[in-house]
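Thank you all for making the time this morning. I would like to walk through one model with you, going from the start of the chain through its helices, and I will try to keep the description and the reasoning apart.

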Amino acid sequence: MPGMSGLDLQAVLRLRQIPLPLVILTAHGDVAAVRQALKNGALDFLEKPFEEDLLLQILSNALRVDRERCIGEDERAAASDRLANLTAREREILAPVAAGKQNVEIAAQFGISPRTVEVHKARIMEKLGCRTLAELIQKIADLVDISASP
């Protein structure tokens, strides 16, 4: 590419937060360039000349990785939207529920009856699309991991 190397392009894509699966092809590769490309998120690094079958395999893998990333983003966005549909009280109750506290403990914490906690939990489960408490806790853990990532 005239005026810009593949590593330069990779840096621009990262700066602009464009999450494309990147495969670097070069005629002038060295260990430092490979290390930099992979460290910055390239899926692979090929030096010319290369075998067509290998390139096709690598590109197929890159497309699979990107498809999985897109599906994951869609699932996270949907879960985040469902979480936004919780009432303020349901969000308050969600934290101790996800922490594994019992209804009686949660009720005492908020000055409500254990039955009211059960009703809130049922509504939370319905709104988040969970059938079991374990599924709810896993969804919350996934959302927390997502919000903690850069």
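**From the N terminus to the helical core**

Let me start with Met-4, which lies in the segment before helix H1, the helix of residues 6–15. Please keep in mind throughout that this is a predicted model. Met-4 is partly exposed, with a relative accessible area of 33%, and, leaving aside its neighbours within four places in sequence, Met-4 is in contact with Leu-9 and Val-12. The C-alpha atoms of Met-4 and Leu-59, which are 55 residues apart along the chain, are separated by 22 Å.

Moving on to the strands, S1, residues 23–26, and S2, residues 44–47, pair in the parallel sense over 4 bridges, and within that pairing Leu-25 stands opposite Leu-46 in S2. Together with helix H2, residues 31–39, the strands S1 and S2 make a right-handed β-α-β unit.

Next comes helix H3, residues 52–84, and one residue to pick out there is Ser-80. Ser-80 counts as partly exposed, at 37% relative accessibility. Although Ser-80 and Ile-140 are 60 residues apart in sequence, their C-alpha atoms are 9.8 Å apart in space.

I now turn to helix H5, and here I would ask which of the residues of H5 are buried. The buried ones are Asn-103, Ile-106 and Ala-107, and since they cover an arc of only 100° around the axis, they sit on the same side of H5. This agrees with the general geometry: an α-helix has 3.6 residues a turn, so residues three or four places apart point the same way. The buried residues of H5 pack against H4 and H6, whereas the face of H5 turned away from its buried side carries the exposed residues Val-104 and Ala-108. Just after H5, Gly-111 takes a positive phi of about 70°.

Helix H6, residues 114–128, can be described in the same manner. H6 has 15 residues and reaches 21 Å from its first C-alpha to its last, close to the 21 Å expected at 1.5 Å a residue. Its buried residues are Val-117, His-120, Lys-121, Ile-124, Met-125 and Leu-128, and because they cover an arc of only 135° around the axis, they lie on the same side of H6. On the face of H6 turned away from that buried side we find the exposed residues Arg-115 and Glu-126. Just after H6, Gly-129 takes a positive phi of about 70°.

That leads to the question of which residues have the most contacts inside the largest nonpolar core. This core has 13 residues, and the ones with the most contacts inside it are Leu-94, Ile-124, Leu-128 and Leu-136. Helices H4 (88–98), H5 (103–110), H6 and H7 (133–148) each supply at least two residues of this core, and the largest share, 4 residues, comes from H6. Looking at Leu-128 on its own, and not counting residues up to four places away in sequence, this residue touches Arg-82, Leu-83, Leu-136, Lys-139 and Ile-140. There is also a second, separate core of 8 residues, which includes Leu-22, Ala-33, Ala-37 and Phe-45. As general background, nonpolar side chains in soluble globular proteins tend to be buried together.

How values were computed: Residues are numbered from 1 along each chain as its sequence is written. This is a predicted model: local features need pLDDT of at least 70, side-chain atom pairs count only at pLDDT 80 or more; totals for chains, interfaces and linings use all residues. Side-chain values use heavy atoms; hydrogens and water are left out. Two strands pair if DSSP finds at least two bridges between them. A crossover is right-handed if, with the strands pointing away from the viewer, the path from the first strand over the helix to the second runs clockwise. The expected span of a helix is 1.5 Å times one less than its number of residues. Buried means under 20% relative accessible area, exposed over 50%, partly exposed in between (1.4 Å probe, protein chains only). The arc is that of the directions from the helix axis to the C-beta atoms. A nonpolar core is a set of buried Ala, Val, Leu, Ile, Met, Phe, Trp, Tyr and Cys residues joined through side-chain atoms within 4.5 Å. Contact means heavy atoms within 4.5 Å.
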